[in-house]
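Work through the exercises below with the model open beside you. Try each task before you read its solution.

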Amino acid sequence: MQTVSTFLCIAGTLLAYALVRRLYLRYKHPLINVVAGSAAIVIAALLLCDIPYATYEPARHIMTLLIGPATVSLALPLYRYRHLLLRHAAAILGSVCAGAFVAMLSAGIMARLGGLPQDVVISILPKGVSIPFAVEVAAMYGGIPSLTAAFVVATGTLGSLLGPWALNILRVDDPFARGLTLGTISHAQGTAMALQEGEEQGAMAGLAMILAGILTAILAPVAVWLVAGLPIFP
């Protein structure tokens with residue numbers, strides 16, 4: 001019985017994803033977010049059918065296991081655009097480094113000005129990168145890993161939802177720049193959104209997501225020192 005329910009949950013999730021993706025491909029509206037839209041449909045279905053999350057959990061676990069292979073598959077478009085990477089290596093590294101550092105500083109400063117406790121300020125600093133990077137950085141300086149994970153998910157959702165819209169408003173049409181921006185500000189969810197726009201955008205977003213995670217881990221001590229006054233080496 002559990003196997004059947006797990007299969008139905010996976011099938012329902014894939015159906016929700018396919019539906020929202022079809023809507024996005026048809027209308028190309030930046031506010032039609034594949035990740036947020038499909039998640040909203042799944043949550044609504046669970047609530048309407050009175051299905052507890054514990055029933056959905058095995059399906060989530062199986063689909064989460066596929067994130068690793070999906071991430072590795074980003075190496076293929078990166079290889080196809082290797083000439084662009086080599087030609088613009090300095091610009092890519094500099095822009096992602098600046099974006100990751102400014103993202104940490106701006107989040108930390110706003111949290112500090114808002115009067116939030118120091119552990120919450122630390123928890124919000126690495127919100128712009130994927131959960132494995134963010135949780136480790138936050139834990140190292142006394143942050144709350146579970147809270148950091150929540151900030152990461154919220155950042156990815158909002159970034160992938162509003163990022164393409166903001167880029168359109170600013171008339172940023174270059175696929176290279178759009179991909180780097182989405183990957184830097186909203187990690188995996190931004191990369192997923194970039195892939196909907198095109199292979200080049202997805203390749204650049206995947207590269208930016210990885211670089212942002214590494215650079216955040218490297219630059220976090222400086223950001224923590226500037227925002228919270230903690231020593232650079234804990």
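**Exercise 1. Determine whether His187 is buried or exposed, and describe its backbone.**

With a relative accessible area of 5%, His187 is buried, a class that covers values under 20%, whereas exposed stands for over 50% and partly exposed for what lies in between, all with a 1.4 Å probe and protein chains only. The next step is to place the residue: His187 lies in helix H11, and a helix here is a DSSP run of H or I with at least four residues, numbered from the N terminus. Finally, turn to the backbone, where His187 has a positive phi of about 35 degrees although it is not a glycine.

Before going on, note that this is a predicted model, in which local features need pLDDT of at least 70 and side-chain atom pairs count only at pLDDT 80 or more, while totals for chains, interfaces and linings use all residues. Residues are numbered from 1 along each chain as its sequence is written, and side-chain values use heavy atoms, with hydrogens and water left out.

**Exercise 2. Find where Arg171 lies, and give its phi and its exposure.**

Begin with the location, which for Arg171 is the loop between helix H10 (145-169) and H11. Its phi is near 60 degrees, a positive value in a residue other than glycine. For the last step, the relative accessible area of Arg171 is 72%, so the residue is exposed. Asp174 is also found in the loop between H10 and H11, and at 41% relative accessibility Asp174 counts as partly exposed. From Asp174 to Gln201 the C-alpha to C-alpha distance is 8.8 Å, with their positions 27 residues apart in sequence.

**Exercise 3. Describe how helices H7 and H11 cross, and list the residues that meet.**

Two packed helices are described by the angle between their axes and the distance between the axes. For helix H7 (residues 89-113) and helix H11 (residues 175-197), the axes come within 10 Å and cross at roughly 35 degrees; the axes are lines fitted to C-alpha atoms over the stretch in contact, and angles run from 0 to 180 degrees between N-to-C directions. The crossing of H7 and H11 is right-handed, meaning that the near helix is turned clockwise from the far one by less than a right angle.

The next step is to list the contacts, defined as heavy atoms within 4.5 Å. From H7, the residues Ile92, Ser95, Val96, Gly99 and Ala100 meet Phe176, Leu180 and Thr184 of H11. Sorted by kind, the residues of this contact are five nonpolar, three polar and no charged, where Ala, Val, Leu, Ile, Met, Phe, Trp, Tyr, Cys and Pro count as nonpolar, Asp, Glu, Lys and Arg as charged, and the others, Gly among them, as polar.

**Exercise 4. Identify what Ala212 touches, leaving out residues up to four places away in sequence.**

Locate Ala212 in helix H12 (residues 199-228), and note that at 1% relative accessibility it counts as buried. With those sequence neighbours not counted, Ala212 touches Val96, Ala100, Val129 and Thr184. Among these, Val96 and Ala100 of H7 and Thr184 of H11 also take part in the contact from the previous exercise.

**Exercise 5. Classify the aromatic pair in the structure.**

The structure holds one aromatic pair. The ring centres of Tyr53 and Tyr56 are 6.3 Å apart and the planes stand at 40 degrees, so the pair is tilted; rings of Phe, Tyr and Trp (its six-membered ring) pair if their centres lie within 6.5 Å, with planes under 30 degrees apart counted as stacked, over 60 as edge-to-face and the rest as tilted. Both residues lie in helix H3 (residues 53-65), three residues apart, about one turn of the helix. Tyr53 is partly exposed at 46%, whereas Tyr56 is buried at 10%.

**Exercise 6. Explain why Cys9 and Cys49 form no bond.**

A search of the whole structure finds zero disulfides, a disulfide being a pair of cysteine sulfur atoms within 2.5 Å. The sulfur of Cys9 has its closest cysteine sulfur in Cys49, at 9.8 Å, which is too far for a bond. In accessibility, Cys9 counts as buried at 11%, while Cys49 counts as exposed at 53%.

Key
Helices (H or I, at least four residues) and strands (E, at least two) are DSSP runs, numbered from the N terminus.
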